[in-house]
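I set aside this page for notes on a single chain, looked up one feature at a time. The entries follow the order in which I went through them.

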Amino acid sequence: MTLMQTLTATDQPLLQVDGLTNHGTQVAGSCGAVGNNLVGVCGVGWNLRLMPVRVSNLPNDTAAISDINLGARWAVDHGARIINASFSQVQTATVQTTGEYIRNAGGIYVWAAGNANASLGAFDHAVGFEDV
């Protein structure tokens with residue numbers, strides 16, 4: 001796993017804020033942790049390049065949908081091909097618009113279903129949300 005330079009979506013220096021959780025770091029580790037080395041855990045892709053992009057300095061893993069989408073667009077504009085957003089609210093139209101932008105740039109937008117035990121039964125990614 002190669003760690004690319006850590007940037008924010010606005011090219012500003014990364015703020016160090018106490019109280020932030022590291023959910024994104026944990027997800028990245030699950031994806032790219034090198035295995036077969038007797039250290040820690042094993043990820044699913046040992047030869048990944050990761051581009052961490054912070055989209056919020058708010059506590060409790062919260063961020064505005066607009067900031068998440070801005071970060072995703074920034075990432076694809078700077079060379080990312082797969083953008084993972086570990087947030088809820090996948091069923092919003094702005095997520096679809098950003099997914100289309102990313103697809104047109106040659107990438108894919110992966111979005112979590114969330115952890116709120118919410119029903120997404122009315123959300124059908126195959127009908128109108130095929131880019132997420």
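The entries below start with the chain as a whole and then turn to single elements and residues.

**Overall layout.** I began by noting that this is a predicted model. I counted the secondary structure next and found three helices and six strands, which follow one another along the sequence in the pattern β-β-α-β-β-α-β-α-β. I then looked up burial for the whole chain, where 24% of the 132 residues count as buried. For the contacts with a separation of 6 or more, I noted that 67% join residues 24 or more positions apart.

**Strands β5 and β6.** I asked in which sense β5 and β6 pair, and over how many bridges. Strand β6, which spans residues 108-111, pairs with β5 in the parallel sense, and four bridges connect the two. Within this pairing I found I83 opposite Y109 of β6. I followed the chain from β5 through helix α3, residues 93-104, to β6, and recorded this β-α-β crossover as right-handed. Turning to the side chains of β5, I saw that they alternate: I83 and A85 are buried and point to one face, whereas I82 and N84 point to the other face and are not buried.

**Residue N84.** I stayed with N84, which belongs to β5, residues 82-85. Is N84 buried, partly exposed or exposed? Its relative accessible area is 42%, and because this value falls between the 20% and 50% cut-offs, N84 counts as partly exposed. Once neighbours within four places in sequence are left aside, I find N84 in contact with V27 and V110. I also looked up the pair N84 and I108, which are 24 residues apart in sequence, with their C-alpha atoms 8.6 Å apart in space.

**Helix α2.** I looked up the span of α2, residues 65-77, and found that its 13 residues reach 18 Å from the first C-alpha to the last, close to the 18 Å expected at 1.5 Å a residue. Its buried residues are I68, N69, G71, A72, W74, A75 and V76. Just after α2 I noted G79, which takes a positive phi of about 105°.

**Residue S56.** In the loop between β4, residues 53-54, and α2 I looked up S56. I entered S56 as buried because its relative accessible area of 16% is under the 20% cut-off. Not counting residues up to four places away in sequence, S56 touches T62 and A63.

**Aromatic rings.** How many aromatic pairs does the structure hold? I recorded zero. I did find a charge placed over a ring, as the charged end of R73 sits over the ring of Y101 at 4.3 Å from its centre.

**Loop between α1 and β3.** I closed with N36, found in the loop between α1, residues 23-32, and β3, residues 49-50, and with L38, which lies in the loop between α1 and β3 as well. The phi of N36 is near 60°, a positive value in a residue other than glycine, and L38, although not a glycine, has a positive phi of about 60°. Are N36 and L38 buried or exposed? N36 counts as exposed because its relative accessibility of 75% is over the 50% cut-off, and L38, with a relative accessible area of 91%, is exposed too.

Key: Residues are numbered from 1 along each chain as its sequence is written. This is a predicted model: local features need pLDDT of at least 70, side-chain atom pairs count only at pLDDT 80 or more; totals for chains, interfaces and linings use all residues. Side-chain values use heavy atoms; hydrogens and water are left out. Buried means under 20% relative accessible area, exposed over 50%, partly exposed in between (1.4 Å probe, protein chains only). Contact means heavy atoms within 4.5 Å. Two strands pair if DSSP finds at least two bridges between them. A crossover is right-handed if, with the strands pointing away from the viewer, the path from the first strand over the helix to the second runs clockwise. Rings of Phe, Tyr and Trp (its six-membered ring) pair if their centres lie within 6.5 Å; planes under 30 degrees apart count as stacked, over 60 as edge-to-face and the rest as tilted. A charge sits over a ring if NZ of Lys or CZ of Arg is within 6 Å of the ring centre and within 35 degrees of the ring normal. The expected span of a helix is 1.5 Å times one less than its number of residues.
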